[in-house]
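Student: Hey, can you walk me through this one? I'm new to it.
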Amino acid sequence: MSVLTRDEAQTRAQLLDVHHYAVDLDLTTGDETFGSTTRIRFTARTAGNTFVELKPDALHSAVLDGTPLDPADLDGNRLPLTLTEGEHTLSVTATMRYSHTGEGMHRFTDPTDGESYVYTQLFMEDVQRVFAAFDQPDLKSVFEVSVTAPEGWTVLSNGITEQQPDGRWTAAATPLISTYLVCVAAGPWHSVRTEHAGLPFGIHCRRSLAPHLDADADEILDVTKACYDRYHEKFDEPYPFDSYDQAFVPEFNAGAMENPGLVTFRDEFVFRSAVTATERMTRAMVIAHEMAHMWFGDLVTLRWWDDIWLNESFAEYMGFQTINEACSELFADTWIDFGVTRKAWGYEADQRPSTHPVAPDPDAVPDTASALLNFDGISYAKGASALRQLVAWMGEKDFLAGINIHFKRHKFGNATLADFVDNLAAATDRDVHAWAEQWLRTTGVDTLTPRLEGEGSTWRLTVDRAGSRPHRLSVGIYDRDAAGELVLRERVGADVPQDAPIELDGPRPAVVVLNDGDLTYTKMRFDEVSEESALRGISRIPDPLTRAVVWNALRDMVRDGELGGTEYLEFAAAHLPEETELAVVQGVLGFARTQIADRYVSEADRPAALAKLTEITRALLRRTEDGEAPGLRLTAVRACIDSATTPDKIASWLEEGTVHGGPELDPELRWRILARLAVLGATDEAAIAAELERDPSATGQEGAARCRAALPTAEAKAAAWSAMFDTDELSNYLFTATAEGFWKPEQAELTRDYVARFYPAAIAMAARRGPALAEAAGRRAFPAFAIDAESLALGERHLAEDTMIPALRRQLADQLDDLRRALRARG
C-alpha cells in the first residue's frame, strides 16, 4: 500500500475540485465484509493523470464518465485515472472488510448480549477501508451517505438520519468537510435524545451499557450544552452542522474523534464502576475538546498534516479553558489536572530524541505515515501550553479576536500556520510572527531558576534561563508564618528574559516559586533556600495549583537525575497524606508507582519503595474513613492494590466483596485485585474463569486476558505471547490487555527469554496488522522492566535496522530513551 506524500497531495489539489460524494454502504452482507458503492462528482482543471484511493477486499467495478475501468489496474490502494479537462463522475463498487483494530469500519460483538455494532474511524488514510475517495484534507466536499443496516439497528452519521420506506437509512447532506471526518455508527444503540438551541442533541451507547449511560446522561448533556453556549459566546461563527450526536463506541483507539455532528468517544467514558471527580472532569474536558474541533478542525481544516497542531493544540487548550469557565460548579480548577497529567506528557515527549516542533517544518512531514507520528504530547499538551502562554502574553480579548478573524476568512476551507499567525497578528500590535518562530518552530524545554541577591529588607530577584524562549509568568513570593505555614506575600509578574531584576521589599522570602499559576511551559528549579523550604513544606503551600507546580518540579528533578527516587518517595510520604487536591494525589502516586517503584529504583530497593507506597496509601485510607472524600479514598484503594507485595489483605477484600471500611468492590476493583493476585501468584485460571462468569462484559473479557497473561507460569506466558504475536485474532483492546499483563517486574526471570524475541515478533506483527496494533505493541508490549545495558543495546541494534513501519519505530525510539533515563536514574 502506498502512503500519500505531501507533493502528491499538492499536485492533486491543483488538478481537482471535488464537489460531491454519494456513499452507499450495505451492512447486511455478513460479519466479515460489507458492500460499498461510491459516486464522486468532481472537476479536473486541466487534463492530467491522478488516482483515487481505496483498500477493498474485492473491487467489483469502477466507471469513469460511463466508461468501465479495469479493476486489475488497482495498484495497492490506488486506482489510476486519466482525465480530460472538465466535469467528471466516478462510480466505484467494492466489497470492504470489517476491522478489529479500531481502523476503518470497526465491528464489535458485545459478549454480554451478543449484539453487534459497527462504527467508522477514518482518520489520516482509513477512509480508504470504507469507500473510494480522493483522500486528503484539502479536497473538501459535500457528502451524502446512505446505509442498509440489519433490522432493529439505528444508523447515525454526520447529518440527521432518517429511515426510508425501503429500510435504508439516509443522512442529510453535509457542508464541505474533509474525507477523514465522515462518520457512520450503526447498531442497536441505546439513545438519549434532547434538543438545545434549536438543534437535536443525542448521546448513544451499546444496549448493555444503557443503565450506566442513563445514570450520567444529565451530567453529560449539561456539560455538552454548557460548552455549546460558551463557544457561542467566544466565537462569532455559529455551530456549522445540523445536529450534535455523541456516540460512545467500543474498542476505540483514541479518546474521541471530532467527526462533525457525530463525535465518537471510547465507551470507557460510560462509567460502569466508581470513578473520581478528576475522571469525570476528564470526560467533560474531552467533550469540550471535541466540540472545539467543530470550529477548529472541521469548519476550518488544516491543508496538510504538518499543521495538525492547529487542530489539536487549539482543542486541547479550549477544552480545559472552557470547562474551567462553563462548568466551574461541577469541577475544580481544570488547569491543576492539566499541569499534573497532560503537561507532564508534553515535557516527557519534548525531551526525547523523537521530539519535534509544535509546528514542524513541512519537509519534516513528507507523507501520511510520518504525519501519524505527530499525534503526541507535543501536538496536544505542549501546543496547548504554548497557546495558554500566548493568551497570557497577548491577552484573551485579542486572542479571541484573532481566532474569529481566522474562522471568518477560512470557514469551510483550509488554512496553514502562516494563515493562523497572520490572523492573530491582525488583532494585536504584538509581534506574533516572532513569538510563533520562538515557540512553535523550536524544540526542547527551557529551564528557569531564581537567583536572589541582597540582605536585610532589600532583595533583587533575577530569573536565569537555560533555553531560548521568552516567557510571561507570575512569581510567587512566600513567607513562613509563626505556625510554620507558608503564606503568599505577593505574586509578581515577570517577563523572561528580564530587563532588570525584580525588587522585593521585606525579609528574604522562605520560598520563591517561578511560574506560579503555571502560565508558561518550562521546567522550574529553586534557589537553595527555596528548595529546602519547599521540600519541607509542600503541603503547607496554600494554593493547589502552586503545589502542582512544585510537585512537577520534583518530578522533573527525578527524571533529570537531580533528585533520587527514594527521596521523592520520602517527600510523598511526608506530604501526600495531607494533600487535599485529588489531581495532585493521583499524579504523585501514579509517578511514584509506575516510574519510581517500577523503573527508577534498583531491583534491590524496589520492595522498600513499594512498602513506602503502601505506607502512604494506608495513611490516606485512615484519613478518608469518614467517607468525606470518596474520590481520594478510591485513589488510595487503587494504589494500595497495585502496590501490594503480599496477597492476604487484598485477597480478603476480594473474598468479602468490600474494602474494610468501604467501598464495596465494583467490577473495576475486583479485576484490579485479581490482576495483582495473578502477579503475586495467588490466584489461578479457575478463579479468573469464575470472575469472568460473574462479569462477562467486554471489560470483563479484557480483565480476564490481563489476568491470564499475568499468571507467573511458563504456560501462561507462552499462551499470552502466542495470542499477541503468532495469530491475528486479538482485537486492539484484547491485545492491549494481554500486553499489560505480560511484563511484570516481579516476573523478570520468567520473561527474560522473551526480551530478545520481542523485536522480531513486534516488527512482523506490525507489518501484518498496521499502525494501530504497531503502536499498541510498542507502547504496551515493550519489555519496559528489562532495565539493563544488554536490553538497551539489543533495542538499539533493532532500531538501526530499516525493517519496521514508522508507527512502531517511533514507539520503540521513545521506549529506549525511557530505558536510558531509567538506567541513569538507577546509576
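Tutor: Sure, starting with terms: two strands pair if DSSP finds at least two bridges between them, and strands (E, at least two residues) are DSSP runs numbered from the N terminus, as are helices (H or I, at least four). This is a predicted model, where local features need pLDDT of at least 70, side-chain atom pairs count only at pLDDT 80 or more, and totals for chains, interfaces and linings use all residues. Residues are numbered from 1 along each chain as its sequence is written, and side-chain values use heavy atoms, leaving out hydrogens and water.
Student: OK, in strand 27, what is the bridge partner of Tyr478?
Tutor: Val511. Strand 24 and strand 27 (residues 511–513) run antiparallel and are joined by 3 bridges.
Student: And how many bridges pair strand 24 with strand 25?
Tutor: There are 10, again antiparallel, with strand 25 covering residues 486–496. One of the pairs is Asp479 with Val487 in strand 25. Their hairpin has 5 residues between the strands, and Gly484 takes a positive phi near 90° there.
Student: Is strand 24 largely enclosed or left open?
Tutor: Largely enclosed by the rest of the structure, because 7 of its 10 residues (471–480) are buried, meaning under 20% relative accessible area with a 1.4 Å probe, protein chains only.
Student: Switching topic: what order do the strands of the 5-strand open sheet have?
Tutor: The order is 15-16-17-19-18, with mixed pairing. Strand 15 (190–196) and strand 18 (256–257) are at the edges with a single partner strand each, so one side of each has no neighbour in the sheet.
Student: Which way do strand 17 and strand 19 run, parallel or antiparallel?
Tutor: Parallel, with 5 bridges joining strand 17 (residues 244–249) to strand 19 (residues 262–266). Asp245, for instance, has Leu262 as its bridge partner in strand 19.

Note on methods
Buried means under 20% relative accessible area, exposed over 50%, partly exposed in between (1.4 Å probe, protein chains only).
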